[in-house]
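Please open the model in your viewer and keep the sequence panel beside it. The tour below goes from one selection to the next and says what is to be found at each stop.

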Amino acid sequence: MKIRIDFNCVVKDNPTKTVAGAVSEDLNPLLLAYAWKPKKCEAVMSFIGELAEYKQECQVEVDEGNSVKCMAVSNDVRGAILLVNLAKIAKPIRLECQGMTVDTLRLIDNNRTDVVVPMLASLPPLSVLLIKCSAEKG
């Protein structure tokens, strides 16, 4: 599955309402799956809260939009991508970013809660990946 993010193309300023709206519907299966696991739901909500710190929502294209959700936000020099796999199977990912370079990746899945990971070839089942980026030097 290919995910294309263009940090140079702003979809909406001040995305806080979009972020809050995403929690209500799209992430319910994930939150229900982790409801019984200590600290998992809090970690997911913390990731979502981090997105609200940015000024603008950026353009995202996902080849498979049903079970994989993605949102990208940025300000002048930093960006963040929230990538969620709602499926019960791993999903291969290929990430293409324009305007920013990837700095860190933090993952929540069945076995891990908010751990730094290297770039993943596939997104584990029922997982959330928060990718932090910085502006390309040029």
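Begin by selecting β4 and β10, two strands that run antiparallel and are joined by eight bridges; strands here are DSSP runs of E with at least two residues, helices are runs of H or I with at least four, and both are numbered from the N terminus. Two strands are said to pair if DSSP finds at least two bridges between them. Within this pair, select I81 and you will find that this residue stands opposite I131 in β10.

Before going further, please note that this is a predicted model, in which local features need pLDDT of at least 70 and side-chain atom pairs count only at pLDDT 80 or more, while totals for chains, interfaces and linings use all residues. Residues are numbered from 1 along each chain as its sequence is written, and side-chain values use heavy atoms, with hydrogens and water left out.

Now colour the chain by pLDDT, the predictor's confidence in each residue, from 0 to 100. The chain has a mean of 86, with 88% of its residues at 70 or more. Confidence is lowest in helix α1 (residues 16-24), where the mean is 54, and highest in strand β8 (residues 115-116), where it is 96. Where pLDDT is low, the predicted coordinates should not be read in detail.

Return to β4 and show its surroundings: seven of its eight residues are buried, so this strand is largely enclosed by the rest of the structure. Buried means under 20% relative accessible area, exposed over 50%, and partly exposed in between, with a 1.4 Å probe and protein chains only. Of the 138 residues of the chain, 45% count as buried.

Next add β3, which is joined to β4 by seven bridges in an antiparallel arrangement, the two strands forming a hairpin with three residues between them. In this hairpin, the bridge partner of V68 in β4 is N85.

Then select S67, which is found in the loop between β2 and β3 and is buried, with a relative accessible area of 13%. Leaving aside residues up to four places away in sequence, S67 touches V84, N85, L86, A87 and K91, where contact means heavy atoms within 4.5 Å.

Widen the selection to the whole sheet, an open one with mixed pairing, whose eight strands follow the order β6-β1-β2-β3-β4-β10-β7-β8. Its edge strands are β6 (94-98) and β8, each of which pairs on one side only. Helix α3 (residues 40-51) packs on this sheet, touching β3 (68-74), β4 (78-85), β7 (100-108) and β10 (127-135), and its direction makes about 160 degrees with that of β7; the axes are lines fitted to C-alpha atoms, for helices over the stretch in contact, and angles run from 0 to 180 degrees between N-to-C directions.

Two loop residues are worth a stop for their backbone. Most residues other than glycine have a negative phi. K39, in the loop between α2 (28-34) and α3, has a positive phi near 75 degrees and is exposed, with a relative accessible area of 61%. L126, in the loop between β9 (122-123) and β10, has a positive phi near 45 degrees, but this residue is buried, at 18%.

Finally, select K40 and Y34: where does K40 lie with respect to Y34? K40 lies over the face of Y34, at 5.6 Å from the ring centre, a charge being counted over a ring if NZ of Lys or CZ of Arg is within 6 Å of the ring centre and within 35 degrees of the ring normal.
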